[in-house]
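Me: Please examine the structure shown below and answer a series of questions on its fold, its core and its confidence.

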Amino acid sequence: MKFSLVLQAVTVLAPALVGAQQTAIPAWPVAEGARVRVTSPVLGNEPRVGIVVSETRDTLSFRAERQPAYTSLRTSDIRQLEVSQGTRSHRLIGGLVGFAAGAVAGGFIGAATVEKGNGFARVDGAAVGASIGGLLGAVAGALIIGRRVDTWVPVALPDR
């Protein structure tokens, strides 16, 4: 019975897992308007994110974020070029991590704030503290850890 359930789960999940691992490497030229991350000695060897303005066989022109003018680079000057395949967030994971941390911290604080009395008062204080801490932690975790990030895929540059 267990083997049957495992086999069914693998059958359902396998196509999604295999598809997620197969990321095609885009080839040159990169489409105009694409969001790219460029690393070049000309730019100080720091990755710069921008939008492709135009490209030729041996030149890439892009406008860096928050810059009014565009920059043109020869492909021989580009050390690494990546194109964005969209954004994703980790809000659920961030919320769960924040909830767990907040609930533990809130439980300890709630139990510690109860004056000496019977054990049930401490349990009640811990439960209230864990509830409030978990809720606040979930919100904070979703906002802090769960921010949106780009998924970058390297581009195969033309022969130089």
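Reply: One residue to begin with is Asn-45, which lies in the loop between strand 1 and strand 2. Helices (H or I, at least four residues) and strands (E, at least two) are DSSP runs, numbered from the N terminus. This is a predicted model, in which local features need pLDDT of at least 70, side-chain atom pairs count only at pLDDT 80 or more, and totals for chains, interfaces and linings use all residues. Residues are numbered from 1 along each chain as its sequence is written, and side-chain values use heavy atoms, with hydrogens and water left out.

Me: Is Asn-45 buried, partly exposed or exposed, and what is its relative accessible area?

Reply: Buried means under 20% relative accessible area, exposed over 50%, and partly exposed in between (1.4 Å probe, protein chains only). Asn-45 has a positive phi of about 60° although it is not a glycine. Most residues other than glycine have a negative phi. Asn-45 is partly exposed, because its relative accessible area is 35%.

Me: Which residue in the turn between strand 3 and strand 4 has a positive phi?

Reply: Strand 3 and strand 4 form a hairpin with six residues between them. The residue in question counts as exposed because its relative accessibility is 79%. With a phi of about 65°, and not being a glycine, it is Arg-66.

Me: In what order do the six strands form the open sheet?

Reply: The protein chain has three helices and six strands, and along the sequence these follow the pattern α-β-β-β-β-β-α-α-β. Two strands pair if DSSP finds at least two bridges between them. The pairing in the open sheet is antiparallel, and the order of its six strands is 4-3-2-1-5-6.

Me: Which are the edge strands of this sheet?

Reply: Neighbouring strands of the sheet are turned by 45° against each other on average, direction ignored; the axes behind this angle are lines fitted to C-alpha atoms, for helices over the stretch in contact, and angles run from 0 to 180 degrees between N-to-C directions. An edge strand pairs on one side only, and the two that do so are strand 4 and strand 6.

Me: In strand 3, which residue is the bridge partner of Ser-54?

Reply: Strand 2 (residues 48-55) and strand 3 (residues 59-64) run antiparallel and are joined by five bridges. A hairpin of three residues connects strand 2 to strand 3. On the other side, four bridges join strand 3 to strand 4 (residues 71-74), where Ser-72 stands opposite the residue sought. The partner of Ser-54 is Ser-61.

Me: Over how many bridges do strand 5 and strand 6 pair?

Reply: Within this pair, Ser-89 stands opposite Arg-148 in strand 6. Strand 6 covers residues 148-154 and includes Val-153, which is buried because its relative accessible area is 4%. The C-alpha atoms of Val-153 and Gln-85 are separated by 6.8 Å, although the two residues are 68 apart along the chain. Strand 5 and strand 6 pair in the antiparallel sense, and the number of bridges is six.

Me: Which strand supplies the largest share of the largest nonpolar core?

Reply: A nonpolar core is a set of buried Ala, Val, Leu, Ile, Met, Phe, Trp, Tyr and Cys residues joined through side-chain atoms within 4.5 Å. The largest one has 16 residues, and among those touching the most other members are Leu-60, Phe-62 and Ile-78. Strand 1, strand 3 and strand 5 (80-89) each supply at least two residues of this core. The largest share, three residues, comes from strand 3.

Me: What is the relative accessible area of Thr-39?

Reply: Thr-39 has its place in strand 1 (residues 35-39). Contact means heavy atoms within 4.5 Å; leaving aside residues up to four places away in sequence, Thr-39 touches Asn-45, Glu-46, Pro-47, Ile-78, Arg-79 and Gln-80. Thr-39 counts as buried because its relative accessible area is 6%.

Me: Which element of the protein chain has the lowest mean pLDDT?

Reply: pLDDT is the predictor's confidence in each residue, from 0 to 100; the protein chain averages 81, and 82% of the residues score at least 70. Over residues 12-22 the pLDDT stays under 50, and the model has zero contacts there beyond four places in sequence. Where pLDDT is low, the predicted coordinates should not be read in detail. Strand 1 has the highest mean among the elements (92), whereas the lowest (47) belongs to helix 1 (residues 2-21).
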